[in-house]
Amino acid sequence: MNYYYEIVLMINPDQSDQVNNIIEYYKKIIYKNKGYISRLEDWGRRQLAYPIFKLHKAHYILINIVLKKTNVIKEIENSLRINENVIRHLIIKTKMERKNSSFILKSKNEYQEKRGDIVKTI
């Protein structure tokens, strides 16, 4: 039986250069436990609705994963809790695997296409 999760990470914007290392760390946990990532999106730096730890922006990452065991998500959540670079995280159990681009990435891509910017996806 497969378990599907959606994880949103808000990373300290001062640590934006560490985003790839953070993603790789969680990928290793997922792959080590025979899971896989069905969708990974880097939303970049975004304005926060209210300051968190006196920060007004955060670097957002969306990860959808498929796991064989439920205890892996507890390991990921504990690791997120103690990671000083992650200022907030959200883990949601979903009913099915997500592969399509998220609404936020679609709207970001449309905006960048209108401006002529290069779209950054992972």
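Helices and strands here are DSSP runs, with at least four residues for a helix and at least two for a strand, numbered from the N terminus. With that in hand, hello everyone, and let me walk you through this one. Please keep in mind that it is a predicted model.

Let's start with the overall layout. The protein chain has three helices and four strands. If you follow the sequence from start to end, the pattern reads β-α-β-β-α-β-α. There are 122 residues in the chain, and 46% of them are buried. On the outside, the accessible surface comes to about 7900 Å², with 50% of that belonging to carbon and sulfur atoms. And for those of you who like contacts: taking the ones with a separation of 6 or more, 75% are between residues 24 or more positions apart.

Now to the inside. In soluble globular proteins, nonpolar side chains tend to be buried together. So what does that look like here? The largest nonpolar core has 22 residues, and the members that touch the most others are Ile7, Leu9, Ile61, Ile63, Ile65 and Ile76. Several elements give two or more residues to this core: strand S1 (3-11), helix H1 (19-32), strand S2 (36-52), strand S3 (55-67) and helix H2 (71-82). H1 makes the largest contribution, with six residues.

Let me zoom in on Ile76 for a moment. Setting aside neighbours within four places in sequence, Ile76 is in contact with Ile7, Tyr26, Ile29, Ile30 and Ile65. Apart from this core there is another one, made of 11 residues, including Val8, Met10, Trp43 and Leu105.

Is there any empty space? Rolling a probe the size of a water molecule over the atoms shows where empty space is left. Searching the whole structure this way turns up one cavity of 30 Å³ or more. The largest cavity holds about 40 Å³ of space. Which residues line the largest cavity? They are Ile7, Leu9, Tyr26, Ile30, Ile63, Ile76 and Leu80. S1, H1 and H2 each supply at least two residues of that lining.

You will have noticed Tyr26 coming up again, so let's talk aromatics. A pair of aromatic rings is described by the distance of the centres and the angle of the planes. The whole structure contains two aromatic pairs. One of them joins Tyr25 and Tyr26 in an edge-to-face arrangement, with 5.0 Å from centre to centre and 85° between the planes. Is each partner buried or exposed? Tyr26 is buried, because its relative accessible area of 3% falls under the 20% cut-off. Tyr25 has a relative accessible area of 43%, so it counts as partly exposed, between the 20% and 50% limits.

Next, a quick tour of the loops. Between H1 and S2 we find both Asn33 and Lys34. Asn33 counts as buried, at 13% relative accessibility. Not counting residues up to four places away in sequence, Asn33 touches Lys69, Val72 and Glu75. Asn33 and Lys69 are 36 residues apart along the chain, yet their C-alpha atoms are separated by 7.9 Å.

Lys34, on the other hand, is exposed, with a relative accessible area of 67%. Lys34 also has a positive phi, near 60°, in a residue other than glycine. Lys54 shows a positive phi too, of about 65°, although it is not a glycine. You can find Lys54 in the loop between S2 and S3, and at 79% relative accessibility it counts as exposed.

Just along from the first loop, have a look at Tyr36, which lies in strand S2. Tyr36 is partly exposed, with a relative accessible area of 34%. Leaving aside neighbours within four places in sequence, its contacts are Ile30, Tyr31, Asn64, Ile65, Val66 and Glu97. Tyr36 and Lys68 are 32 residues apart in sequence, with 9.4 Å between their C-alpha atoms.

One last stop: Ser101. This residue is found in the loop between strand S4 (86-94) and helix H3 (103-115). Ser101 is partly exposed, at 36% relative accessible area. Its C-alpha is 7.8 Å from that of Arg39, and the two are 62 residues apart in sequence.

If you take one picture away, let it be the core of 22 residues, with H1 giving six of them. Thanks for listening!

Conventions: Residues are numbered from 1 along each chain as its sequence is written. This is a predicted model: local features need pLDDT of at least 70, side-chain atom pairs count only at pLDDT 80 or more; totals for chains, interfaces and linings use all residues. Side-chain values use heavy atoms; hydrogens and water are left out. A nonpolar core is a set of buried Ala, Val, Leu, Ile, Met, Phe, Trp, Tyr and Cys residues joined through side-chain atoms within 4.5 Å. Buried means under 20% relative accessible area, exposed over 50%, partly exposed in between (1.4 Å probe, protein chains only). Contact means heavy atoms within 4.5 Å. Accessible areas come from the Shrake-Rupley method with a 1.4 Å probe; for residues, only the protein chains shown count as cover. Rings of Phe, Tyr and Trp (its six-membered ring) pair if their centres lie within 6.5 Å; planes under 30 degrees apart count as stacked, over 60 as edge-to-face and the rest as tilted. On a 1 Å grid over the protein atoms alone, a cavity is a set of points where a 1.4 Å probe fits but cannot get out, and a pocket is an open set with protein on both sides within 12 Å along at least five of seven lines; lining residues have an atom within 4 Å of a point. Grid points are joined across faces, edges and corners, and a volume is the space filled by probe spheres set on the points.
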